[in-house]
Amino acid sequence: MPTLAEHLLVEDRRETLVASCVALVELQIDSQGAVKRLALRAGIAVLNTVKPNALHLVVNDLLHEFTHALDPLYQRFHQGSGRDFSHFLQHHPDEAVSALIAVTDDRAAKLGNAAVRKVYGRLRPEAETEVRSALPGLS
């Protein structure tokens with residue numbers, strides 16, 4: 001059975017997937033209240049000063065790790081009779097959220113840039129709630 005990465009990260013799908021993930025992040029940001037939305041936009045602005053087009057680059061860079069982290073769930077999904085992996089993830093939110101957050105926590109721990117680590121540290125306390133609310137958009 002193919003892995004999630006083998007299914008999603010083929011060259012002709014990757015750019016579309018990155019664009020969809022960036023759009024999902026933008027939608028999540030736009031769904032926040034004014035103060036939080038402003039704080040998130042400020043965080044992205046800091047990232048963009050370090051690396052232009054940071055959100056796109058970060059998503060592209062993390063995709064392989066995200067797909068690897070979600071692969072055990074993907075394999076369980078294929079053992080069942082489901083047809084929609086997004087639906088499966090919504091029924092296993094704790095495992096999906098933990099897998100995705102573990103990737104970003106690991107990456108943040110390795111960051112050499114103190115400003116980016118600081119932004120991540122400020123956003124991290126609410127990350128599980130945000131990722132959980134984004135799960136339906138992972139289709």
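This is a short tour of one buried threonine and several salt bridges in a predicted model.

Residues are numbered from 1 along each chain as its sequence is written. Local features need pLDDT of at least 70, side-chain atom pairs count only at pLDDT 80 or more, totals for chains, interfaces and linings use all residues, and side-chain values use heavy atoms, without hydrogens and water.

**Stop 1: Thr-104.** Select helix 6, residues 93–109 (helices are DSSP runs of H or I, at least four residues, numbered from the N terminus). Thr-104 is found there. Is Thr-104 buried or exposed? Thr-104 is buried, because its relative accessibility is 18% (buried means under 20% relative accessible area, exposed over 50%, partly exposed in between; 1.4 Å probe, protein chains only). Now show Leu-62, Phe-66 and Tyr-120. Thr-104 touches these three, leaving aside residues up to four places away in sequence (contact means heavy atoms within 4.5 Å).

**Stop 2: Lys-36.** The whole structure has 11 salt bridges (a side-chain nitrogen of Lys or Arg within 4 Å of a carboxyl oxygen of Asp or Glu). Select Lys-36 and Glu-126; their side chains form a salt bridge at 2.2 Å, N to O. Lys-36 is in helix 3 (residues 34–50), and Glu-126 is in the loop between helix 7 (114–123) and helix 8 (127–134), 90 residues apart. Add Glu-130. Lys-36 also bridges to Glu-130, with the closest N and O atoms 2.6 Å apart. Glu-130 lies in helix 8, so this pair ties together parts 94 residues apart in sequence.

**Stop 3: Asp-94 and Arg-132.** Their closest N and O atoms are 2.8 Å apart, in a salt bridge. The pair links helix 6 with helix 8. Arg-132 is partly exposed, at 36%.

**Last stop.** Select Glu-26, Asp-30 and Arg-41: a network of salt bridges links them.

Notes:
Helix = DSSP H or I, 4+ residues; strand = E, 2+ residues; numbered from the N terminus.
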